[in-house]
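These are my notes from an afternoon of looking things up in one model. I began with a contact list and worked outwards to the sheet and the helices.

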Amino acid sequence: MSAQARAALVSKLIFQDETQKSDLLDESKTQTSLIAYLLGLVDKGYHIEITAVRTDHDDDSALGLHCHANGYAVDCWPLNSATPGDYMTQDTHPFRQFLVDAASSPWNFQIGLGGCADNSGDAIAAGSTEFPDNGADHIHLGSSGS
Ligand SMILES: [Zn+2]
């Protein structure tokens with residue numbers, strides 16, 4: 001994925017921490033499959049607030065290849081608008097559609113649902129790669145590739 005594609009992506013995301021942006025701009029920190037995964041979602045018109053990428057995430061390398069520590073994953077939450085903090089409500093139609101679209105991405109490896117997102121309606125929307133995640137309210141998007 002080109003540097004231009006990474007720059008285009010970060011210009012459309014909302015970040016809680018500057019390291020999230022620099023990690024996504026750095027091909028040594030994040031995988032091209034993750035950039036493609038997120039670009040596909042922002043190109044569908046989603047506003048996404050990133051809650052963790054790599055530098056600001058605990059070392060999860062025990063979970064295997066497709067983890068934050070190896071640059072394959074972000075934690076995030078979809079927004080109703082481009083306004084930071086304008087969070088979609090879990091288990092509503094727009095929120096479930098976000099999960100359906102993430103699950104249908106060719107770059108999806110797994111989707112984790114944490115906190116209030118860990119409910120049966122959202123789990124169905126997230127499909128066969130869904131897992132109940134630990135921690136605060138978030139959606140974990142793990143990308144494919146090797
Ligand atoms: Zn995660």
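For the contact list I took two residues to be in contact if their C-beta atoms, placed from the backbone, lie within 7 Å. I also noted at the start that the model is a predicted one.

**Entry 1, Trp77.** I looked up Trp77, whose place is in strand E3, and asked which residues it is in contact with once its neighbours within four places in sequence are left aside. The list I obtained holds Glu49, Thr51, Tyr87, Asp137, His138 and Ile139. Trp77 has 24 C-beta neighbours inside 10 Å and therefore counts as buried, the cut-off for that class being 20 or more. I also checked one long separation, and found the C-alpha atoms of Trp77 and Gly127 to be 17 Å apart, with their positions 50 residues apart along the chain.

**Entry 2, the sheet.** I then traced the strand order, which reads E1-E2-E3-E6-E4-E5 in an open sheet of 6 strands with mixed pairing. Strand E1 (14-15) and strand E5 (130-132) stand at the edges with a single partner strand each, so one side of each lacks a neighbour in the sheet. At the E1 edge, I found E1 and strand E2 (residues 47-52) running parallel and joined by 2 bridges, with Ile50 in E2 as the bridge partner of Phe15.

**Entry 3, strand E6.** I next asked how many of the residues of E6 are buried. The count came out as 6 of 6, which leaves the strand mostly covered. His138, His140 and Gly142 lie on one side, while Ile139, Leu141 and Ser143 lie on the other, and both faces are covered. I kept in mind that side chains in a regular strand alternate between the two faces of the sheet. E6 pairs with E3 in the antiparallel sense over 4 bridges, and here I noted Asp75 opposite His140. With E4 the run is also antiparallel, over 6 bridges, and Asn108 stands opposite Ser143 of E6.

**Entry 4, Pro132.** For a residue at the E5 edge I chose Pro132, which has its place in that strand. Is it buried or exposed? Pro132 has 11 C-beta neighbours inside 10 Å and so counts as exposed, since that class takes in residues with 12 or fewer. Apart from its neighbours within four places in sequence, Pro132 is in contact with Leu113 and Asp118. The C-alpha atoms of Pro132 and Leu99, 33 residues apart along the chain, are separated by 14 Å.

**Entry 5, the helices.** Helix H3 (residues 32-43) lies across E2, strand E3 (73-79), strand E4 (108-114) and strand E6 (138-143), and I recorded its angle to E6 as about 125°. I then turned to helix H1 (residues 3-10), which packs with H3 at an angle of about 50°, the two axes being 10 Å apart. That angle makes H1 oblique to H3, and the crossing of the two is left-handed. Ala5, Arg6 and Leu9 of H1 make the contact with Ile35, Leu38, Leu39 and Val42 of H3. By class, the residues of this contact divide into 6 nonpolar, no polar and 1 charged.

**Entry 6, Asp91.** Last, I looked at the backbone of Asp91, which has a positive phi of about 60° although it is not a glycine. Asp91 is found in the loop between E3 and helix H4 (93-103). With 15 other C-beta atoms within 10 Å, I entered Asp91 as partly exposed.

Notes
Residues are numbered from 1 along each chain as its sequence is written. This is a predicted model: local features need pLDDT of at least 70, side-chain atom pairs count only at pLDDT 80 or more; totals for chains, interfaces and linings use all residues. Two strands pair if DSSP finds at least two bridges between them. Axes are lines fitted to C-alpha atoms, for helices over the stretch in contact, and angles run from 0 to 180 degrees between N-to-C directions. Angles under 35 degrees count as roughly parallel, over 145 as roughly antiparallel, 65 to 115 as roughly perpendicular and the rest as oblique. A crossing is left-handed if the near helix is turned anticlockwise from the far one by less than a right angle, and right-handed if clockwise. Ala, Val, Leu, Ile, Met, Phe, Trp, Tyr, Cys and Pro count as nonpolar, Asp, Glu, Lys and Arg as charged, and the others, Gly among them, as polar.
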